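Good morning, and thank you for making time on the agenda. I would like to take you through one structure, beginning with its charged contacts and ending with its cores.

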Amino acid sequence: MTDKALRLGTRRSKLAMAQSGQVADAVSRVTGRPVELVEITTYGDVSREALAQIGGTGVFVTALRDALVRGEVDFAVHSLKDLPTTQPGELALAAVPVREDPRDVIVARDALKFTDLPRGARIGTGSPRRMAQLNAYARTHGLDIETVAIRGNVDTRIGYVHEGRLDAVVLAAAGLNRIGRIEEVTDFLSVDTVLPAPGQGALAIECAASDADLVAALGELDDPHTRAAVTAERSLLAALEAGCSAPVGALADLLIDGPVIKEMRLRGVVGTTDGSRMVQQSTTGSVPLTHDGAMALGRELATEMLTQGAAGLMGERAL
């Protein structure tokens, strides 16, 4: 095999560069080839509009995929939760590495936990999903909070707390782990309180489907259990016909008894952003051994949620 450097397409943000750098190291180990990062600016990086307004779906990945199709990069790394649920035929999702912590976290002033925030606390997030679940939890537990829509990178968001403009912000544990800032977290939100976005904490490594050698090499980094879980979660999202900025949470986790993986449980939630109406369902079954099996698990749960009125709770519907 040639020792020519592989070109990895990545967004320019600090988080994207950190996670792409980690993947680059892993790819170098399995291929024996150097990997160079090619920085690409996406529409989601330059737009200052709320994600729900610009559609959310694909705004962070389209430019990377275009560069792949044009042959300007050899492979690309995405946060999997940013990927549209439809996979382009010319691109292969070659690897889904082991998932990071999928939970959401709070970074609050005075090292406060979510339930210790003062009455009227202002909590910043750009996610309708987080808003819906935080407001629903507050309603049922007698908390008085105000969710505030924000955009920006990790530094900007945490800066709002340090500057006193917000009492807390909600971020993904995985992102803070990857940039070495997990110690700034003041509270880890249980998935029983806030279900993460479908695919949260997982990465997606894409390349041209026609490059069989590269597909095989990148496949060395694939984790079958992570892939099965995120496939089920994304199947749920697709069956709800929701974009990745819709207020949908989903998590598939493995039920383990000692050394034996027994079953997979898939949980889903959708709600209005004010938390006044929520549909939550779960299903448990054998761990899917195939892509089709994982897809079926997601569709099954989506069907249950739709019968409970989930369709009427989503602001954005994918066309």
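**Salt bridges, an aromatic pair and the cores**

The structure holds 25 salt bridges. Please keep in mind throughout that this is a predicted model.

Let me begin with Asp-101 and Arg-103. These two form a salt bridge in which the closest N and O atoms are 2.8 Å apart. Are the partners buried or exposed? Asp-101 counts as buried, because its relative accessibility is 17%, while Arg-103, at 30%, counts as partly exposed.

The next pair is Arg-119 with Asp-144, a salt bridge whose closest N and O atoms are 3.8 Å apart. Arg-119 lies in the loop between strand S5 (104-108) and strand S6 (121-125), and Asp-144 lies in the loop between helix H5 (128-141) and strand S7 (145-149); the pair therefore ties together parts that are 25 residues apart in sequence. Arg-119 is exposed, with a relative accessible area of 67%. Asp-144 counts as partly exposed at 34% relative accessibility.

A further salt bridge joins Asp-257 to Lys-262, and here the closest N and O atoms are 4.0 Å apart. Asp-257 has a relative accessible area of 47% and is partly exposed. Lys-262 counts as exposed, at 51% relative accessibility. Why do these two residues fall into separate classes? The cut-off for exposed is over 50%, so Lys-262 passes it at 51%, whereas Asp-257, at 47%, does not.

Salt bridges also link residues into a network, and one such network consists of Lys-14, Asp-155, Arg-181 and Glu-184.

I turn now to the aromatic rings. How many aromatic pairs does a search of the whole structure find? The search finds 1. A pair of aromatic rings is described by the distance of the centres and the angle of the planes. For Phe-114 and Tyr-137, the centres are 5.7 Å apart and the planes meet at 45 degrees, which makes the pair tilted. Phe-114 lies in the loop between S5 and S6, and Tyr-137 in helix H5, so this pair ties together parts that are 23 residues apart in sequence. Both Phe-114 and Tyr-137 are buried.

Next, a single residue, Leu-171. Leu-171 is found in strand S8, which covers residues 168-172. Leu-171 counts as buried because its relative accessibility is 6%. Which residues does Leu-171 touch, leaving aside those up to four places away in sequence? They are Arg-103, Asp-104, Val-105, Val-107, Arg-130, Arg-157, Ile-158 and Leu-176. Arg-103 thus appears a second time, having been introduced as the salt-bridge partner of Asp-101. As for Asp-257, its C-alpha is 31 Å from that of Leu-171, with the two residues 86 apart in sequence.

Finally, the nonpolar cores. The largest contains 21 residues, and those with the most contacts inside it are Leu-236, Leu-240, Met-264, Val-270 and Met-305. Which elements each supply at least two residues of this core? They are helix H9 (224-239), strand S11 (248-257), strand S12 (260-271) and helix H10 (291-307). H9 gives the largest share, with 5 residues. Apart from this core lies another, of 17 residues, including Val-23, Val-77, Leu-203 and Leu-221.

That concludes the presentation, and I welcome your comments.

Notes
Residues are numbered from 1 along each chain as its sequence is written. This is a predicted model: local features need pLDDT of at least 70, side-chain atom pairs count only at pLDDT 80 or more; totals for chains, interfaces and linings use all residues. Side-chain values use heavy atoms; hydrogens and water are left out. A nonpolar core is a set of buried Ala, Val, Leu, Ile, Met, Phe, Trp, Tyr and Cys residues joined through side-chain atoms within 4.5 Å. Buried means under 20% relative accessible area, exposed over 50%, partly exposed in between (1.4 Å probe, protein chains only). Helices (H or I, at least four residues) and strands (E, at least two) are DSSP runs, numbered from the N terminus. Contact means heavy atoms within 4.5 Å. A salt bridge is a side-chain nitrogen of Lys or Arg within 4 Å of a carboxyl oxygen of Asp or Glu. Rings of Phe, Tyr and Trp (its six-membered ring) pair if their centres lie within 6.5 Å; planes under 30 degrees apart count as stacked, over 60 as edge-to-face and the rest as tilted.
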